[in-house]
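Biologist: Could you take me through one part of this model slowly, in plain words? I'd like a close look at a single strand and then at what lies around it.

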Amino acid sequence: MTTVSAPAAPARRDRKHPRLHRFLHQGGLELACVLLGGLALWSFLSHVVIPRPDRYLPSPGSVVFSSADMLWKGLLPDFVTNTVWRLLIGSGLGLGVGIPFGILLGLNRTVSDMFYPILNFFQSISGIALLPIVMIWWGTSEQTVIFVILYTVLFPISFNVLVGVRSIPRIYINALRTLGASRLQIARDVILPGALPSIATGARLGIGFGWRAVIAGEMLAGQRGLGWMIFTAQQVDLTAQVILGMTLIGIMWIVLDRYLLRPLEADTIQRWGLVQR
Amino acid sequence: MREKLIVEGLSHHYPDEYTGMDIHALDNVNLKVTEGEFAAVVGPSGCGKTTLLNILAGLLPHKVGSVRVDGHEVKGPGPDRGVVFQEHAILPWRTVERNIGHGLEIQGLPAPERKRRVQEFVDLVGLTGFENRYPHELSGGMKQRVALARTLCANPVVMLMDEPFAAVDAQTRITLQEELNRIAIATRKTILFITHNVDEAAFLGDRCFIFTRRPGKLKATVKINLPRESRVWKNAVADPAFTGARDEILSLVREEVRDDDG
């Protein structure tokens with residue numbers, strides 16, 4: 001039941017670079033090897049194998065050069081900020097609508113039976129498939145992109161919260177009723193905290209989907225932003241910029257997931273011992 | 001002595017969850033528990049003990065018969081009846097302290113007063129020093145102590161307990177039984193304690209109600225003439241007042257089980 005942590009090897013404390021050491025121990029070395037190997041292969045293909053690499057596969061060096069150039073001109077920070085803002089606003093709205101909606105569905109069988117087929121229907125229509133109709137309504141505007149993110153975030157969060165609320169043991173609710181709790185007190189003290197781990201999981205999933213949606217949305221309906229950047233770069237054969245955009249999208253997601261979303265999820269779940277470790 | 005809990009002519013039917021067949025769980029149950037009394041309820045499994053408890057707690061509505069607590073008809077759950085459940089019903093996201101004080105929080109007691117009362121019950125159930133722990137950091141026995149303290153702290157008229165020690169290991173169970181006896185003496189609570197464990201019923205109860213198998217009826221009542229103060233397992237096993245009552249309860253329960261096997 002209780003977690004017994006093995007005593008840490010005393011020698012490890014005395015090391016000069018504990019962080020580096022931990023990194024290497026957690027498979028960092030293997031990761032570095034894979035990355036370096038990948039880069040080497042990429043350079044080799046670009047320099048030796050592929051004709052006209054500037055058009056088809058620019059070398060890592062030219063991608064770095066292109067990013068330095070864009071940084072210098074101030075375009076890159078601008079695009080990154082645009083994309084992140086859209087994600088934050090769209091996800092915020094999606095969570096704001098999806099969490100209460102999911103709780104309502106989880107609490108009331110009648111309501112969930114009514115909405116479930118409709119939800120399932122819309123869940124199959126990805127945000128990108130929705131873009132054309134939204135563009136007919138609002139054109140290539142900020143509103144369009146944000147709406148598509150909201151729509152994308154809404155389903156994973158609603159479904160997760162629905163399941164989370166349903167899986168709260170009935171006995172917690174009964175125990176509180178016998179203590180004389182009102183419905184509101186039960187919602188506040190049992191339903192909300194009980195659903196919190198699945199709210200965190202749903203948010204992480206939803207924002208992950210939202211991240212893809214923002215890039216796709218910007219490609220078709222955006223002005224500026226990373227998605228728009230790679231789409232327009234393609235039209236003028238700036239292949240290095242296309243690769244730069246793709247790389248940034250991946251790296252930014254890893255940072256967002258690792259330093260914001262995962263800790264959020266782990267915090268609620270682990271502190272309360274809601275998962276078996 | 002005042003009667004705190006009166007059950008009269010209580011019958012209950014419900015449709016089976018899977019087959020939809022009508023299940024006759026309780027049949028014309030009559031019983032009374034007086035103030036400060038520790039009443040044990042034993043019966044073969046599936047005799048409607050838990051159904052009885054859920055009705056008394058107000059979690060299950062009853063149509064036939066009456067249930068009165070302190071003179072008031074039971075119509076739903078209420079703080080006049082505290083329940084200690086079989087499984088762990090304490091909230092994993094609340095610390096020991098906040099779980100125990102939950103009833104008082106619901107009643108709207110101001111924080112300083114609540115803190116004082118909570119500490120009293122933390123000490124009573126022997127959890128001093130664990131106030132800020134989360135349930136997953138506690139053993140099964142400690143979790144049930146928290147559940148017990150939470151119920152006691154809300155100061156109910158009658159305390160209902162549904163096999164609260166069924167899920168803990170044998171050693172812990174013995175300790176908890178002795179602890180509960182001590183706490184019952186200290187708080188003078190009126191308690192209805194449901195169990196399928198005959199030893200437990202004879203050790204803890206002032207009286208023991210024996211139920212028939214389904215539909216559950218009151219088969220017999222056995223009085224246990226063992227002073228509460230001398231209820232320690234070490235002595236009880238050699239005390240004829242305990243062993244006599246236990247053997248009598250056991251043979252009454254066995255009659256119900258044997259029929260089942262035949």
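Modeller: Let's start with one strand in chain B and work outwards from there. Keep in mind that this is a predicted model, so confidence comes first. Chain B averages a pLDDT of 90, with 98% of the residues scoring at least 70.

The strand to look at is β3 of chain B, residues 38-42. Is it covered or not? Mostly covered: 5 of its 5 residues are buried. Follow the side chains and you'll see F38(B), A40(B) and V42(B) pointing one way, while A39(B) and V41(B) point the other way. That's a nice case of a general habit: in a regular strand the side chains alternate between the two faces of the sheet. Here the residues pointing either way are all buried.

Now, which strands does β3(B) pair with? One partner is β8 of chain B, residues 190-195, and the two pair in the parallel sense over 5 bridges. To find the spot on screen, pick F38(B), whose bridge partner in β8(B) is I191(B). Another partner is β9 of chain B, residues 207-211, joined to β3(B) by 4 bridges and also running parallel. Here you can click on A39(B), which stands opposite R207(B). As for what holds such neighbours together, strands of a sheet pair through backbone hydrogen bonds, either parallel or antiparallel.

For the antiparallel kind, stay in chain B. There is an open sheet of 4 strands in the order β2-β1-β4-β5, with antiparallel pairing. Its edge strands are β2 (22-34) and β5 (72-73), each of which pairs on one side only. Inside that order, β1 (residues 3-15) and β4 (residues 64-69) of chain B are joined by 5 bridges. One pair to look for is I6(B) with its bridge partner R68(B) in β4(B).

Let's zoom out to the whole chain. Chain B is divided into domain 1, made of 3-80 + 159-261, and domain 2, which covers 87-155. The C-alpha centres of these two domains lie 25 Å apart. Where they meet, 12 residues of domain 1 of chain B are in contact with 12 residues of domain 2 of chain B. On the domain 1 side, the largest share comes from helix α6 (residues 170-187) of chain B, which gives 6 residues. That side divides into 9 nonpolar, 2 polar and 1 charged.

Chain B also touches chain A, and the contact takes 23 residues from chain B and 17 residues from chain A. On the chain B side, the elements giving two or more residues are β6 (81-84) and α3 (102-107). Of these, α3(B) gives the most, with 4 residues. The chain B side divides into 13 nonpolar, 7 polar and 3 charged. For the complex, the predictor gives an ipTM of 0.89 and a pTM of 0.80.

Last stop, chain A. Its mean pLDDT is 85, and 92% of its residues reach 70 or more. Confidence in chain A is lowest in helix α1 (residues 10-13), at a mean of 47, and highest in helix α9 (residues 170-178), at 93. Over residues 1-12 of chain A the pLDDT is below 50, and beyond near neighbours in sequence this stretch has 4 contacts in the model. Finally, find helix α2 of chain A, residues 18-49, which bends by about 75° at G27(A). While β3(B) is mostly covered, α2(A) is hardly covered, and the count of buried residues among its 32 residues is 0.

Technical notes:
Residues numbered from 1 in each chain as written. Chains lettered and ligands numbered in written order. Predicted model: local features only at pLDDT ≥ 70, side-chain atom pairs only at ≥ 80, totals over all residues. Domains from an automatic or database assignment. Contact = placed C-beta atoms within 7 Å. Nonpolar A, V, L, I, M, F, W, Y, C, P; charged D, E, K, R; others polar. Bend = angle between axes of the 7 residues up to and from the residue. Buried ≥ 20, exposed ≤ 12 C-beta atoms within 10 Å, placed from the backbone. pLDDT = per-residue confidence, 0-100. Pairing = 2+ DSSP bridges.
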